[in-house]
Number of protein chains: 2
Amino acid sequence: MKYAIIGTGAVGGFYGGKLANAGKDVHFLLHSDYEYVKKNGLQIDSCDGSFHIAAPNVYNNTLDMPKADIVIVALKTTRNHLLNQLLPPLLHKETLVLLIQNGIGPEPELQKHFPDLYLAAGLAFICSAKTEPGRVNHQCYGSINIGNYSCKNETLFKTMIADFIEAGIKTAEIEYNEARWKKAVWNMPFNGMTVVMNAQTNELLAHPATMQLIRRQMFEVIGAAKALGVKNIDESFADKMIENTLNMTPYSPSMKLDYDFHRPMEIEYLYSNAIAEAHRIGYSMPCLEMLEAQLKFLNKKQCETK
Amino acid sequence: MKYAIIGTGAVGGFYGGKLANAGKDVHFLLHSDYEYVKKNGLQIDSCDGSFHIAAPNVYNNTLDMPKADIVIVALKTTRNHLLNQLLPPLLHKETLVLLIQNGIGPEPELQKHFPDLYLAAGLAFICSAKTEPGRVNHQCYGSINIGNYSCKNETLFKTMIADFIEAGIKTAEIEYNEARWKKAVWNMPFNGMTVVMNAQTNELLAHPATMQLIRRQMFEVIGAAKALGVKNIDESFADKMIENTLNMTPYSPSMKLDYDFHRPMEIEYLYSNAIAEAHRIGYSMPCLEMLEAQLKFLNKKQCETK
């Protein structure tokens, strides 16, 4: 099994690194860190035990990479337009592309351009950040929920999951929509609220007003998911997510980091797509729609001052 | 008719100044500006024609003031707890107290402490600010809606309105609840949103996402008012308010100025009271409830960093 990692950052660097460290055949695409990692390797500082990949297979162009059985896409969704060019050199007839990305809808969107491609969703419950070139800091958690979107080769899919588990990654296979919407229960409140309120997760949960608001926003996501027919999700999941967050060290979600470092925010996949899906069946998420509007305003303001 | 002005700032200074400039017998209570105004008078820079009150009747204590027929309270509602001490020296048997204040509920709250007092609400549609001691800058608008809450002396009430009109103030008598809730249609979206988004009115209306959100929030207020039985208010009022705001120069509402100058915000009267009134009859305003939570969070954060 050959793995290609598209986007070797906080997420792709961690999961790709774990697979490589377990002896899997992993090929990393890098962009700004290419020269550094080629020379110095990849360092994973992890709460579960740090490790170093001294000589990873690194590339700065997918044209130079071997065809892969599994392509792991760990780009921000704001860069998904690049996939039309990045993917083709990596694909053989039965390649499975796993999108470890947040939000609702990246698989159907990509499937439009590659109708026969095998696709799966990876939802990472992880606190990690790329702290410097070639260096990932894994603070806590790290499990991944994987949902099959359109992979018809069951053996390939199961082998990938077995590889993940063998590499020490806590991995669960769950239904595709359940995987995406469950992650949205955490993502939609915390990503936007940390940006708009300029605060970390712990501060938001320390004030009763914002704690209640976060819970209300979680209920909006759960309500939308239930209305859309997603199984195994109910209001108690909100309490579990809040409990987990209270146990985390103070955390800035990826959108907060993106905003602070003047990178584009994943508003489309994290908010607009979810809101549009819910509207399609007549379900409204007023507080999250308000949050989307606030984020769009901040995004535009930041672009204008660049 | 003797007038007492409690709170000689952007609002009290303007309306009290207009009355004094028209020859009415007006007595001003001042706090920080007392010495300055005693020496230099009161300057009103107004889009309708500037004027100067050279020797106003000024006091720094209501114990020194004459009893008044009309007491105009133009304090922020965050200081309404002071009224229990400030008012009694000014009251005779038939004094009417006009609360020119924003929000829902200041009259019933004050009536609890003064059960027989005549009370009325004044809702000012004005862009003004106190720019320096003893100086008010009146940028635009300036009309006032007055609603009778508990004044049993109809002659007194009508005389006050006639005095306002004589002083060149565009004044309308409207039903009490209509007066308070109509003003809330503008106040609730713009006060909070300018604070949370750190933007002026024009910026919020220039982005389609926040423009739509402001309209949605206005609809929430209108919906609550209608559910509460308020007359003469419907969705078209939102368009009128947005239209008016588009015609204003870029504006920072009072709550935005309060926040920027590290003063407490009027969250209780502008948001919590309105939300509680609506909840009492089972009506919810999700976007404004979210805004209230965001404001409470910011308020607490600012208090902590003081």
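The following exercises, each with a worked solution, concern a predicted model with two chains, A and B.

**Exercise 1. Symmetry of the two copies**

Determine which rotation superposes chain A on chain B, and which C-alpha of chain A is nearest the axis.

Solution.
1. Chain A is brought onto chain B by a rotation of 180°, with 0.0 Å of shift along the axis and an RMSD of 0.0 Å.
2. The two copies are therefore related as by a two-fold rotation axis.
3. Within chain A, the C-alpha of A:Cys287 is nearest this axis, at 2.8 Å from it.

**Exercise 2. The contact between the chains**

State how many residues each chain gives to the contact, what area is buried between the chains, and which residues of chain A lose the most area.

Solution.
1. Chain A supplies 26 residues to the contact, and chain B supplies 26 residues.
2. About 2,200 Å² is buried between chain A and chain B, with 69% of it on carbon and sulfur atoms.
3. On the side of chain A, the residues that lose the most area to chain B are A:Met197, A:Met290 and A:Phe297, which together account for 31% of what that side buries.
4. Of the interface residues of chain A, 100% are also interface residues in chain B, so the copies meet through the same surface.

**Exercise 3. Strand order around S7, S8 and S9 of chain A**

Trace the pairing from strand S6 of chain A through S7(A) to S8(A), then establish in which sense S8(A) and S9(A) pair and which further strands S9(A) is joined to.

Solution.
1. Strand S6 of chain A (residues 68-73) pairs with S7(A) in the parallel sense over 5 bridges. One bridge places A:Ile70 with its partner A:Leu96 in S7(A).
2. S7(A) also pairs with strand S8 of chain A (residues 118-132), again in the parallel sense and over 5 bridges. Here the bridge partner of A:Leu99 is A:Ala121 in S8(A).
3. S7(A), which spans residues 91-100, is mostly covered, with 7 of its 10 residues buried.
4. The pairing of S8(A) with S9(A) is antiparallel and extends over 12 bridges; in it, A:Phe125 stands opposite A:Ser143 of S9(A).
5. The hairpin of S8(A) and S9(A) has 2 residues between the strands, and A:Gly134 takes a positive phi near 70° in it.
6. S9(A) (residues 135-148) runs parallel to strand S3 of chain A (residues 42-46), joined by 4 bridges. A:Asp45 stands opposite A:Asn137 in S9(A).
7. S9(A) is also joined by 3 bridges to strand S10 of chain A (residues 171-173), and these two run parallel. A:Asn145 stands opposite A:Ala172 in S10(A).

**Exercise 4. Aromatic rings and charges**

Classify the aromatic pair of B:Trp186 and B:Tyr251, and identify the parts of chain B that this pair ties together.

Solution.
1. A pair of aromatic rings is described by the distance of the centres and the angle of the planes.
2. For B:Trp186 and B:Tyr251, the centres are 6.4 Å apart and the planes make an angle of 55°. The pair is tilted, because 55° is neither under 30 degrees nor over 60.
3. B:Trp186 belongs to helix H6 of chain B (residues 176-196), while B:Tyr251 lies in the loop between helix H9 (236-246) and helix H10 (254-260), so the pair ties together parts that are 65 residues apart in sequence.
4. B:Trp186 counts as buried at 10% relative accessibility, and B:Tyr251 is buried with a relative accessible area of 10%.
5. Over all chains, there are 10 aromatic pairs. In chain A, A:Phe14, A:Tyr15 and A:Phe164 form one aromatic cluster.
6. Two charged ends may be added for chain B: that of B:Lys182 sits over the ring of B:Phe237, 5.4 Å from its centre, and that of B:Lys183 sits over the ring of B:Phe125, 5.5 Å from its centre.

**Exercise 5. Burial in chain B**

Decide whether helix H1 of chain B is largely enclosed or not, and whether B:Asn80 is buried or exposed.

Solution.
1. Helix H1 of chain B covers residues 12-21, and 9 of its 10 residues are buried, so H1(B) is largely enclosed by the rest of the structure.
2. The buried residues of H1(B) include B:Phe14, B:Tyr15, B:Lys18 and B:Leu19.
3. Just after H1(B), B:Gly23 takes a positive phi of about 90°.
4. B:Asn80 is located in the loop between strand S6 (68-73) and helix H3 (83-86) of chain B.
5. The relative accessible area of B:Asn80 is 10%, which is under 20%, so B:Asn80 is buried.
6. Apart from neighbours within four places in sequence, B:Asn80 is in contact with B:Gln101, B:Pro106 and B:Tyr269.

How values were computed:
Residues are numbered from 1 along each chain as its sequence is written. Chains are lettered from A and ligands numbered from 1 in the order in which they are written. This is a predicted model: local features need pLDDT of at least 70, side-chain atom pairs count only at pLDDT 80 or more; totals for chains, interfaces and linings use all residues. Side-chain values use heavy atoms; hydrogens and water are left out. Copies are superposed by least squares on the C-alpha atoms of residues with pLDDT of at least 70 in both. Contact means heavy atoms within 4.5 Å. Rings of Phe, Tyr and Trp (its six-membered ring) pair if their centres lie within 6.5 Å; planes under 30 degrees apart count as stacked, over 60 as edge-to-face and the rest as tilted. Buried means under 20% relative accessible area, exposed over 50%, partly exposed in between (1.4 Å probe, protein chains only). A charge sits over a ring if NZ of Lys or CZ of Arg is within 6 Å of the ring centre and within 35 degrees of the ring normal. Two strands pair if DSSP finds at least two bridges between them. Buried area is the accessible area (1.4 Å probe) that two parts lose on being put together, summed over both.
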